[in-house]
Amino acid sequence: MLVLGIETSCDETSVALVEDNVIVENLVYSQIEIHKVFGGVVPEIAAREHLKKLPILFVELLEKTNLRVEEIDGIAVTKGPGLIGALLVGVSFAKGLALRYNKPLVGVNHIEGHVFANYLVYPELKPPFIVLMVSGGHTLILKVERGEGFTMIGRSVDDAVGEAFDKIARLLGLGYPGGPEIDKIAKFGNPSAFHFPRPKLQDNDYDFSFSGLKTAVLYELQRLKKNLSGESEKLSDKIVADLAASAQEAMIDVLVYKVTKAARAHGIGKIVIAGGVAANSRLRERLKETSEFEFFLPPLNLCSDNAAMIARAGIELLKKGHTDDLKLEPEPNFFEMIKPNTLENT
Ligand code: KG4
Ligand code: ZN
């Protein structure tokens with residue numbers, strides 16, 4: 001089955017053609033350079049950029065693959081979660097194509113898309129498995145038991161871990177997005193130099209909380225700067241690296257502890273890591289230290305947002321006969337998207 005994928009939920013505009021488990025082409029345009037100056041994604045600018053770039057990328061996709069729209073079997077588009085204006089652009093574009101070429105249309109849950117990215121790299125992967133979904137918008141532990149759908153067994157009660165990386169990076173005066181900056185600088189720091197809290201580590205659930213960590217870093221910074229009075233106001237590079245490494249270690253400790261605890265409790269030996277933070281080199285290193293589980297980590301280009309994962313999830317849905325009509329609407333909120341009876345832990 002050959003499916004066109006369209007992704008516009010946040011700040012990546014992407015179109016892809018996927019045939020079963022094979023990526024024919026996956027074009028991603030990142031808006032990061034535009035949002036960088038604002039220190040975060042500006043929703044209206046994101047929507048306008050999608051509107052500008054999506055048709056251009058689509059034409060480029062057809063040219064690169066030498067395919068005609070008539071040849072595809074269906075259109076899969078991210079319906080949410082994400083920024084409403086951004087989602088509207090992708091969904092409208094997908095509807096237009098479905099109408100013009102009379103092709104089946106299916107709306108895809110972006111989170112499910114991240115899970116499906118793994119089938120593109122590990123076609124042999126089969127449920128059951130546990131997913132640690134770590135992005136700028138979500139931190140979730142999911143249980144996948146069948147070919148589609150999932151049960152949420154844990155989530156962050158406040159900031160997502162990617163968001164915490166970005167906010168802590170900003171406090172430390174590093175660039176945006178903060179995750180890769182902290183990852184880089186932490187290599188020169190001592191992860192035990194500062195002891196930051198491991199929130200919810202001892203709680204009897206699989207939930208996370210990251211906003212307190214950001215506050216702890218802020219207080220530590222204020223304390224360090226006070227001691228500097230009279231000298232230059234700037235902290236040394238070594239101290240900034242120590243702070244970054246220590247904060248990163250605190251977040252990773254909780255992620256690794258909770259996801260392995262969840263897998264153990266559910267008697268599942270396979271753990272899939274998905275989302276932008278899966279690119280973190282220290283997280284990848286720490287996972288390699290345990291041989292109790294088999295870990296699946298997508299390559300970096302499939303960890304971040306892309307349309308290939310949406311097309312792959314769409315193939316699964318279309319094969320099972322799921323389609324949407326032209327009434328398809330974006331669903332920006334993850335917790336409103338999933339049925340309450342799938343929230344095992346809430
Ligand atoms: O999944 P993603 O590309 O977009 C969504 O949020 O859906 O994730 C982006 C997040 C950002 O917060 C970014 O700082 C974080 O992933 N990130 C990282 C790394 N690369 C990206 N966090 C830690 N270490 C990294 N190497
Ligand atoms: Zn994402």
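Leaving aside neighbours within four places in sequence, Thr 139 is in contact with Met 133, Val 134, Gly 154, Arg 155, Ser 156, Ala 160, Val 161, Phe 208, Phe 210 and Leu 255 in this predicted model. Thr 139 belongs to strand 7, which covers residues 139-144, and with a relative accessible area of 2% this threonine is buried. One of its contact partners, Val 161, also takes part in a polar contact, since a polar atom of the Thr 139 side chain lies 2.7 Å from the backbone nitrogen of Val 161.

**The zinc site and helix 4**

The zinc ion (ligand 2) has as its protein donors His 110 through NE2, His 114 through NE2 and Asp 305 through OD, lying 2.1 Å from the ion. The site has 4 donor atoms, and the angles among them run from 91 to 145°, which makes the geometry irregular; a tetrahedral assignment would require all angles to lie between 85 and 135 degrees. Along the sequence, the donor residues follow the spacing H-x3-H-x190-D.

Both histidines lie in helix 4 (residues 110-121), where a separation of 4 residues places His 110 and His 114 about one helical turn apart. An α-helix has 3.6 residues a turn, so residues three or four places apart point the same way.

Helix 4 is largely enclosed by the rest of the structure, because 11 of its 12 residues are buried; among them are Glu 112, Val 115, Phe 116, Asn 118 and Tyr 119, as well as the two histidines, His 110 and His 114. The length of helix 4 is consistent with its residue count, because 12 residues at 1.5 Å a residue should span 16 Å, and the C-alpha atoms at its ends are 18 Å apart, which agrees. At the start of helix 4, a side-chain oxygen of Asn 109 comes to within 2.8 Å of the backbone nitrogen of Ile 111.

**Cysteines and accessibility**

Across the whole structure, 0 disulfides are found. For Cys 10, the closest cysteine sulfur is that of Cys 303, and the 16 Å between the two sulfurs is too far for a bond, given that a disulfide needs a pair of cysteine sulfur atoms within 2.5 Å. Cys 303 is accordingly in no disulfide, with the sulfur of Cys 10 as its nearest cysteine sulfur. The table sets the accessibility of these cysteines beside that of the two zinc-binding histidines and Thr 139.

| Residue | Relative accessible area | Class |
|---|---|---|
| Cys 10 | 25% | partly exposed |
| Cys 303 | 1% | buried |
| His 110 | 6% | buried |
| His 114 | 2% | buried |
| Thr 139 | 2% | buried |

How values were computed
Residues are numbered from 1 along each chain as its sequence is written. Chains are lettered from A and ligands numbered from 1 in the order in which they are written. This is a predicted model: local features need pLDDT of at least 70, side-chain atom pairs count only at pLDDT 80 or more; totals for chains, interfaces and linings use all residues. Side-chain values use heavy atoms; hydrogens and water are left out. Buried means under 20% relative accessible area, exposed over 50%, partly exposed in between (1.4 Å probe, protein chains only). Donors are N, O and S atoms within 2.8 Å of the metal (3.2 Å for Na, K and Ca); water is not among the atoms, so sites may look incomplete. Four donors count as tetrahedral if all angles lie between 85 and 135 degrees; four count as square planar and six as octahedral if opposite donors are over 155 degrees apart and all others between 65 and 115; anything else is irregular. The expected span of a helix is 1.5 Å times one less than its number of residues. A polar contact is a pair of N or O atoms within 3.5 Å; within protein, one must be able to donate a hydrogen and the other to accept it, and residues adjacent in sequence count only if both atoms are side-chain atoms. Contact means heavy atoms within 4.5 Å.
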